[in-house]
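Subject: Handing over a structure

Hello,

I am passing a structure on to you, and you will find it just below. After it come some notes to help you find your way around.

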Amino acid sequence: MNFSRLKLRHLQCLVTVAQERNLVRSAEALSLTQPAVSKTIAELEEIVGRQLLLRRRRGVELTPAAEVLVRHAVSALRGLREGMGLAMDQPDADQLLVAVGALPNMVPNLLPEAVALLNAAHPALRVRVMSGTNAQLMTQLRQGEIDLVLGRLAQASAMADLAFEQFYSEPLLLVVRPDHPLAARRRPPLDALAAHPLVLPVSGTLIRHTADAFLIARGLELPHRLVEATDTSFIVGLLQRSDAVWFAPQGAVEGFIARGELRRVAIDTASTEGPVGMTVRRGAELGEGARLLVEAIRRIVGRRAAAGPGI
């Protein structure tokens, strides 16, 4: 084994592939092309002198050598990032830090309220918020780049070595601009969506699977005019300028609905309800900053539950 050739990118790539078990999804999570991921794994196999991946029709499997290497790679990457963080924060050793990954249903409403509470009560707390898809954030969580992920429960296959705590559950909602043709209809049929552009989460995300399952179960095909996006500001801007309909997590839109900026379409989507909470590394203790953030979120959720449903 030529250890001097080993680079961080080799370990980061292997850990991501171990999580995704698919080269295409791994490439997306790493913001690389699939050939680049394959080349990096090939380089690592040459360095180690062992085959690491077994190609299958639906993805890849890890060889026993890869399983061993992944366990140590995760620990090494986490330890290095923690050390870098301590070194970078050394001049402000008394300052608390929390790095949180937030999915779209947490970004516009719950998380800002929690951070505002923390800023008022703990001025020395520095909060770093990372956004992305569920797969991207879980990779960052495993590699120690973030302390916790807030959002919907990931698929079971993505939860190895991770633990989830549910705060509440919420459905996906169909929402439009206030003067949209569907906004005033009391009970529009589901096939009325076919006349309008539909905005869905990007393919491969958990909430996209939920939205697709809802539509397919009711015999509705995806419209030709389809927009895939996760950026809330872009989608709201699109809805204000068009007749598009957004299939969105309730947490991402409840503030816009309360302010009258968006309207809910009166189509029953209760079957899309799913658990929302925090995901952490199994067995890892939260730092003080992360613990304070979680406590603030729990207080807000408890207060909202006592006040009753708002939508």
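To begin with a question: which residue stands opposite W246 in β10? That residue is V175. Please keep in mind as you look that this is a predicted model.

The pairing of V175 with W246 belongs to a longer contact between strands. Strand β7 (residues 172–176) runs antiparallel to β10, and 4 bridges join the two. β10 also has strand β8 (residues 198–200) as a partner, this time in the parallel sense and over 2 bridges. W246 turns up here again, as the bridge partner of V199.

How many of the 5 residues of strand β10 (residues 245–249) are buried? The count is 5 of the 5, so the strand is largely enclosed by the rest of the structure.

From W246 you can step across to helix α8, which covers residues 232–241 and includes T232. Leaving aside residues up to four places away in sequence, T232 touches W246 along with P108, A252 and F256. T232 has a relative accessible area of 15%, which is under the 20% cut-off, so T232 counts as buried.

For a look at the surface, turn to helix α4 (residues 64–88), where L80 is found. L80 is partly exposed, at a relative accessible area of 41%. Together with L8 and M84, L80 forms a nonpolar patch on the surface, and the three share about 270 Å² of accessible area.

Enjoy exploring, and do write back with any questions.

Best wishes

Note on methods. Residues numbered from 1 in each chain as written. Predicted model: local features only at pLDDT ≥ 70, side-chain atom pairs only at ≥ 80, totals over all residues. Heavy atoms only, no water. Buried < 20%, exposed > 50% of the residue type's maximum accessible area, 1.4 Å probe, protein only. Contact = heavy atoms within 4.5 Å. Patch = residues over 30% accessible without salt bridge, like charges linked within 9 Å, V, L, I, M, F, W, Y side chains within 5 Å. Areas by Shrake-Rupley, 256 points an atom, 1.4 Å probe, with all protein chains shown as cover. Salt bridge = Lys/Arg side-chain N within 4 Å of Asp/Glu carboxyl O. Pairing = 2+ DSSP bridges.
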